[in-house]
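Look at the sequence and the model below. Begin with a single chain, then turn to the nonpolar cores.

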Amino acid sequence: MNQTPVVQFQHAMKRIGKRTIVNDLSFDIQAGEVFGFLGPNGAGKTTTIRMMVGLIKISQGDILIKGHSISKDFNKAIRNVGAIVENPDLYKYLTGYQNLKHYARMVPGVTKARIEEIVGIVGLRDRIHDKVKTYSLGMRQRLGIAQALLHRPSLLILDEPTNGLDPAGIHELRNYLKRLAHEESVAVFVSSHLLSEMELMCDRVGVLQNGKLVRIQSIQDFVHDGGSSLVCVTVESSQVEQAKRLIATLKKEILPIRQPGQLLIPLNKDEIPTVNKLLMQAGIQIYSIQVQEQTLEDKFLELTEERK
Amino acid sequence: MIGLVANESMKIYSRKLTWILLLLLFAITIGSSILGTINNTNATDWRAETTQLVHQYEDRLKITELSPTLRTDAENKLKIAKYRLENDFPAPSNNPWSALLTFSGLIEMVIVFAIVIAADIVAGEYTAGTMKLLLIRPHNRAKILFSKYIAVSLFAIVMLALLAVCGYATNALFYGLGDIHTTDLFLNQQGQVVQLNVLMQGIKMYGLSLFPIMSYVTLAFAISTVLRNSALAIGISLFIMIVGNSMIEATAKMEWLKYLPFANSDMSLYIFHLPARPEMTLNFSITVLLVYIVALILLSWNVFKKRDVSI
């Protein structure tokens, strides 16, 4: 990880009039990682993406892609980028193939064979010679991904990429993006509001709120932040009181019970065996011990709520 | 750059609208050529007929409230008719070259169709959201913009060529291929009657019409780029074109109007010696139009390169 990052945000800021849309973003994205960009609507996600690809000017600071400034050295920087910004808006009156040919002509070195290859990868071979206006949203999304990958970019930027894809398509895309990052060392930058999706797809997430980056960490740390998680222990209901007393000796708080026989205890992971042993030795019948994983969604809501 | 122009051309010719326009152009050109041949009968006694024409023009000149353009037109025609009688020079027999000179009005149609395409070529990409994906390629914005401008200019030239070729072909069906050495009488810039090659005059007229065509294309293109609204670009351009045609008359009375593009945008006026003001010359009109074209291109480029693309 001591190579230059694919993307470097250097105090990037966007101001429109007096309003600051994106404020002082500074972080790096490395080759080979899938980076998730989270944030509620209006947080400035799309503005950030538009700055990254040079569609809008950066008011202050800079964004470097493979060391080239997007504002000062646009051509060199953008050559390494493939992107879908917001919707996969393609030319509806052209066929899928004509669309790809169109973008292929704009970058040197994209051969006919490469177009064929990418059509196969996104699974559009049967319909590629049909007009885009006949495509479903999912197919447009696939074509959008195809045009973004055509020139083998080092950075792939996708705005809400799973929009309109069916579950099988989402699964396929997720695996493909992971493979692209982990095997071909592409940096993948994904923005999404589908948190469960991000959890399965991303290696690292950044949370943007009101134009500021409020949190950036690996997905595991993000979800398991704080160490303790809720553990739900189900025991024989007649033995609940006894179990409670035992757990109280460990100086652990017990949360209100939802169902007979259930005990809800905030525990660190390494304390679970201790509790288990204690209950077993007392002859309490344990039916199950479940760790209630906090999802990215819970975390996200918690994080964005508390800052409002 | 060639790739970019090829892209823009592919987009123009892949649209149904383009083919409807081309088909219309084709149909209208053939239709008006046929109408032209029906109205045209070969004179049996050209002397008697020309004498009759002389009387007709003299009568017209007696009308006091005749507009300046119509008056000049009648004076010109009278001059040529008298010259024919005095020098025993009959009008050339019907031929496709002379016929092509008579439908200079169809060039206006090329302008209207070119406006429709030019008005959409930039604004349409904003409306469809495709501008985003177009601009995130390793080309600077000037190249993207000018590739569009070149593509739409080429389209206008294609339409003009189609007009000339279709018009010639239809007339050739009626009059035969025609002798390329056919000559006829015209008035030069000093108002003297001269004998000129009809084909060369035709080439001059269609060639020169590229200046007004490009002026309107540039205007529609600039509005399209600045306002990002194709309907508005078509509307404003057509409005200016219609108002402009009526401005030619007004220019005779108000001198400053000659610096506006309107009175300079009909090149056939110079072929038929009908300048809006006597001191206006072909070179003057071309200069005025070029100044407007350059100014509009600079405006489009300045707006386009700076704009934040957020739709």
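What follows moves from the build of chain B to the cores.

The model is predicted. Start with chain B. Its secondary structure consists of 14 helices and two strands. The C-alpha trace spans about 70 × 45 × 25 Å along its principal axes. In sequence terms, many contacts reach far: of those in chain B with a separation of 6 or more, 77% join residues 24 or more positions apart.

Next, the surface. Of the 311 residues in chain B, 49% are buried. The chain exposes about 14,300 Å², and 67% of that area comes from carbon and sulfur atoms. Charge is also worth a look. Chain B carries 24 positive and 20 negative side chains. The centres of these two sets lie 15 Å apart.

Now go inside. In soluble globular proteins, nonpolar side chains tend to be buried together. Here the largest nonpolar core holds 149 residues. Among those with the most contacts inside this core are A:Leu100, A:Leu155, A:Leu156 and A:Phe189. A:Val53, A:Ile63 and A:Ile157 belong to that group too. Helix α6 of chain B, residues 106–121, gives the most to this core: 13 residues.

Which residues does A:Val53 touch, leaving aside its neighbours within four places in sequence? On chain A, A:Val53 is in contact with A:Ile70, A:Phe74, A:Ile78, A:Val81, A:Ala83, A:Val85 and A:Ile157. From chain B comes B:Ile136. A:Ile157 therefore appears twice, as a contact of A:Val53 and as one of the residues with the most contacts inside the core, where contact means heavy atoms within 4.5 Å.

Finally, there is a second, separate core of 14 residues. It includes A:Leu246, A:Leu267, A:Val275 and A:Ile284.

Note on methods: Residues numbered from 1 in each chain as written. Chains lettered and ligands numbered in written order. Predicted model: local features only at pLDDT ≥ 70, side-chain atom pairs only at ≥ 80, totals over all residues. Heavy atoms only, no water. Helix = DSSP H or I, 4+ residues; strand = E, 2+ residues; numbered from the N terminus. Buried < 20%, exposed > 50% of the residue type's maximum accessible area, 1.4 Å probe, protein only. Areas by Shrake-Rupley, 256 points an atom, 1.4 Å probe, with all protein chains shown as cover. Lys, Arg positive; Asp, Glu negative; His and termini not counted. Charge placed at Lys NZ, Arg CZ, Asp CG, Glu CD. Core = buried A, V, L, I, M, F, W, Y, C linked by side-chain atoms within 4.5 Å.
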